[in-house]
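Hello,

Here is the structure we spoke about handing over. My notes on it follow below.

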Amino acid sequence: MQILTIGLISDDGIEILIHVGMDTVKMNGKGFDVKTAVNSRVKEGELLLEFDIKAIEKEGYPIITPVIITNSDAYNQNLLAVDMDVDNGKPIIDLKELSVSM
């Protein structure tokens, strides 16, 4: 079984988890084409994954794609895109690192 969750860590330590669709792991990779290798360094705009929306919908899975900041406790978040379609290059979240006060 191929797991199609993308995990990223930015240079400044933001941990991001992206999962295309709900329960799509049950598709065993069908309709998905991973474009980058595990543990590779990627650049902004680089293609990570292609997927066939029609194939996912045909299998009965929602296209909802959670993008989760796994270390969100370290950031003040302003969600810019919730429950909406997003175009390539459009920001979906604005993060500001929380100040540590002593």
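The side chains of E59 and K30 form a salt bridge, with N and O 3.0 Å apart. Please keep in mind that this is a predicted model. The E59–K30 pair links distant parts of the chain, its two residues being 29 apart. E59 lies in the loop between helix 1 (53-58) and strand 5, while K30 lies in the loop between strand 2 and strand 3. E59 is partly exposed, at 38% relative accessible area.

Other salt bridges

The whole structure contains 5 salt bridges. One of them joins the side chains of K35 and D33, at 2.7 Å from N to O. Both ends are partly exposed: K35 has a relative accessibility of 39%, and D33 has a relative accessible area of 35%. D33 and K35 also belong to a salt-bridge network that includes E50. A further salt bridge is formed by K96 and D94, whose closest N and O atoms are 3.2 Å apart. Here too the residues count as partly exposed, K96 at 48% relative accessibility and D94 at 30%.

Sheet

Three strands make an open sheet in the order 1-2-5, with antiparallel pairing. Strand 1 (5-9) and strand 5 (67-69) are the edge strands; each has a single partner, so one side of each has no neighbour in the sheet. On average, neighbouring strands of this sheet are turned by 20° against each other, direction ignored. Strand 1 pairs with strand 2 (residues 15-19) over 5 bridges, in the antiparallel sense. Within strand 2, I18 is the residue that stands opposite I6.

Core and a buried loop residue

I6 and I18 are also both members of the largest nonpolar core, which has 10 residues. The other members are L4, V20, M27, F32, L48, L49, I56 and Y61. Leaving aside neighbours within four places in sequence, L49 touches the core members L4, I6, V20 and F32. L49 is likewise in contact with D33, V34 and K35, and D33 and K35 are the salt-bridged residues described above.

T24 is located in the loop between strand 2 and strand 3 (32-34). Is T24 buried or exposed? T24 has a relative accessible area of 2%, and since buried means under 20%, T24 counts as buried. Beyond its neighbours within four places in sequence, T24 is in contact with H19, F32, I56 and Y61. Of these contacts, F32, I56 and Y61 are listed in the largest nonpolar core.

Regards

Notes. Residues numbered from 1 in each chain as written. Predicted model: local features only at pLDDT ≥ 70, side-chain atom pairs only at ≥ 80, totals over all residues. Heavy atoms only, no water. Pairing = 2+ DSSP bridges. Helix = DSSP H or I, 4+ residues; strand = E, 2+ residues; numbered from the N terminus. Axes fitted to C-alpha atoms, helices over the stretch in contact; angles between N-to-C directions. Core = buried A, V, L, I, M, F, W, Y, C linked by side-chain atoms within 4.5 Å. Buried < 20%, exposed > 50% of the residue type's maximum accessible area, 1.4 Å probe, protein only. Contact = heavy atoms within 4.5 Å. Salt bridge = Lys/Arg side-chain N within 4 Å of Asp/Glu carboxyl O.
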